[in-house]
Structures are given as C-alpha cells and as structure tokens.
Amino acid sequence: MPTKQKDRPQLLTKGVNDMAKKWCLAIDISRCSGCGSCELSVQDEYTGNNYPGFSAPVPDEGVHWLWLKEYTYGHGTKIKRDYVPVMFPHDRNFDPKDIPGCPEGAVVVREDGLTVIVPEKAKGCKAIYDYFEKKYPGTVFWNEELQLPQTYIMDAHRLDEGEKLPRCVEDCPNQAMHWGDLNDPESDVSKFIAEHEGQLEDFFPADNGEDYVVRYYRIPKPFIAGEVITADGECAEHVRVTLTDKDGNVSEMYTDFFGDLEFQRLEMNETYTVTVDAPGAEPIKVLIDDSKNLGEIQIALTRDELLAREGVK
C-alpha cells in the first residue's frame, strides 16, 4: 500500500503545552462483545498513513496496536467469556530518560498524558521498542522497513485538531469505551468513574508510581458457581447462599428459578466458604486457583417442604 501523506500540520506542541486537558479512557469490559471494531479502526487510521511528528506509516499486515485478549473461564455448564481491548496504557508519570540510549525528544509524554514516539527522532532506536515491549508486551511494534519503534498514540494527531474522540472510541458499537478530560467533571469518562468509584483497575502492573491513561472496569476475575437441588431432585429456588472471605466479610445471594448460585469477581489464591442456608448442606471451603463449579448441592428438604418454608402454597 502506498504511503499517504495526510494534510495535517505538526501539532505535537499543542498537546505538550495544553495544561487544561487530562485525557483518560475507561473501558467497561462488561459491555465489550469482542466485535473488533476498535481494532479495525486503529488499523485503518494508521496503516499506510503518515502523520509527521506523531506516527510514520504502518505496514498493512502483522501490526495490532490494539488487540482483543479473550478470556474463557469456568467449568462444565458454568462457562464465561470476556474480551479485553489491550493497548499501550500511556503512563502520565513516565520519564523517557528511563529508556537506556533513548535520544532526547524521541519519546514525549505530553501534559495531557499521552505518550508519543516521535518518528523523526526515534528512527533506529530499537532500545525504545525493547523497553516498552518488556514493560507492556504486545503493545509496541518494531517497523523493520523504517527502522522505527511504533505504538498506538490514541489518535493524538486527531485530538490536537479538535476531534472529540479517538477512533476506537468513536467506532465502538456497544459504548464500552468512555473517553474524556478528567479535569472536566461533566465529561463522559469523569461521570463513568464517579459512578464506579474505586472499581477501575489497570491491565498492566502499576506498582512503581504509574498513572495510566487507559483504565478498565470489570477485568475478568474468577467466580464460584453451582446448583442447589432439593431432596427429590428439583431445582431449589430462592435459597439463601452466603460467601465468607478470610477476613469474615459476608456476601449473600438467593438461588434463581433454576437453583443456580454464583459469586463473581473473586481474588486469586484466596479461600472462601460457601454456605447454603438449608438443612443437609454443609459449608464448602473453596480455594480460588481458577473459577470453580461446585456442581449440584443437595439439601434435605423436598420441593414441597422448601415451598412451605418459604410460605408458598
């Protein structure tokens, strides 16, 4: 594919000097269907296109700056599948001097939080690729033809021209991506974060003071599931079930029409106790090294006895 020179001015300094913006992307995994629209949008924006000061042309094959990581977890009839859009996370606190041998100005962390690998200054510096590939695997690309490290810059070139959204956000059909300025409490992302205070997470480790632009809501975690049945083999509906963690914190739920129980978003390598509030069911201790299907848990009450206990005629 021939290189297309976009008629866009070099506006890299605008993002650097614009103190008013603090970009953030919050991705709601519960709304992501794995359709791939975000991935295709990024490929379309950068493949064969040249944005001076921001990004050099990308080959039309073998480059996935934004890709979907599929999680399939659970056992038996209790299976879940989630998709996580993975991309360069853009650490606001990153210091390009941490990259050994990085030329001055080759990597810029803008005041709005976005990181740009400046193609005109980064050419030939594989150390940039090596550093970021180790820290954020699968989010950077070494362009062998151009001898250039490259990554997804969150459409900084478009934002500097006044566009409201990166294309991956704009093209998401399920509204799974929330974008905006954290300094604006009325922005979409600010409202989303306020609604889910304390629940956003990082995909990549953030144990050295990292402050990522890209955050996630409901990253896949293990769950416990099972089915409660009566003494005569019927589905046990509306039976109280509790989950107790190692600190004694208790969560509760009631089985559904099919007798199903489920506790979601549990911590790996933690032990929980599941207790079915009915005669004949003993507490079950569960070590979470994966999602767990407890199978059928039989209680000592028949369906009629259970309904009588619940006051149902």
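Biologist: What makes you say that strand β13 is joined to β19?

Modeller: Two strands pair if DSSP finds at least two bridges between them, and 5 bridges join β13 (residues 224–229) to β19, so they pass that test. The two strands run parallel, and V228 stands opposite I297 in β19. Strands here are DSSP runs of E with at least two residues, and helices are runs of H or I with at least four, numbered from the N terminus.

This is a predicted model, where local features need pLDDT of at least 70 and side-chain atom pairs need 80 or more, while totals for chains, interfaces and linings use all residues. Residues are numbered from 1 along each chain as its sequence is written, and side-chain values use heavy atoms, leaving out hydrogens and water.

Biologist: Why are β16 and β19 called edge strands?

Modeller: The sheet is open, with 3 strands in the order β16-β13-β19 and mixed pairing. β16 (260–263) and β19 (292–298) each pair on one side only. Neighbouring strands are turned by 20° against each other on average, direction ignored, using axes that are lines fitted to C-alpha atoms, with angles defined from 0 to 180 degrees between N-to-C directions.

Biologist: How do you know which side of helix α7 is the buried one?

Modeller: Buried means under 20% relative accessible area, exposed over 50%, and partly exposed in between, with a 1.4 Å probe and protein chains only. In α7 (residues 188–195), V189, S190 and F192 are the buried residues. They cover an arc of only 165° around the axis, so they sit on the same side of α7; that arc is taken from the directions from the helix axis to the C-beta atoms. The face turned away from the buried side carries the exposed residues A194 and E195. The buried residues pack against β2 (23–28), β10 (177–181), β11 (200–201) and β12 (214–217), where contact means heavy atoms within 4.5 Å.

Biologist: Why is R218 called partly exposed, and why is N269 called exposed?

Modeller: R218 has 26% relative accessibility, which places it in the partly exposed class. N269 has 60%, so it counts as exposed. R218 lies in the loop between β12 and β13, and N269 in the loop between β16 and β17 (271–276). Neither is a glycine, yet phi is positive: near 70° for R218 and about 65° for N269.

Biologist: Why is the pair of F88 and F132 called edge-to-face?

Modeller: Rings of Phe, Tyr and Trp (its six-membered ring) pair if their centres lie within 6.5 Å, with planes under 30 degrees apart counted as stacked, over 60 as edge-to-face and the rest as tilted. By this rule there are 17 aromatic pairs. F88 and F132 are 5.0 Å apart centre to centre, with 90° between the planes, which makes them edge-to-face. F88 is in the loop between β5 (78–86) and β6 (107–109), and F132 is in helix α4 (residues 126–135), 44 residues apart. Both F88 and F132 are buried.

Biologist: And what makes F94 and Y131 tilted?

Modeller: Their centres are 5.7 Å apart and the planes meet at 45°, so the angle falls among "the rest". F94 is buried at 10% relative accessible area, while Y131, at 23%, is partly exposed.
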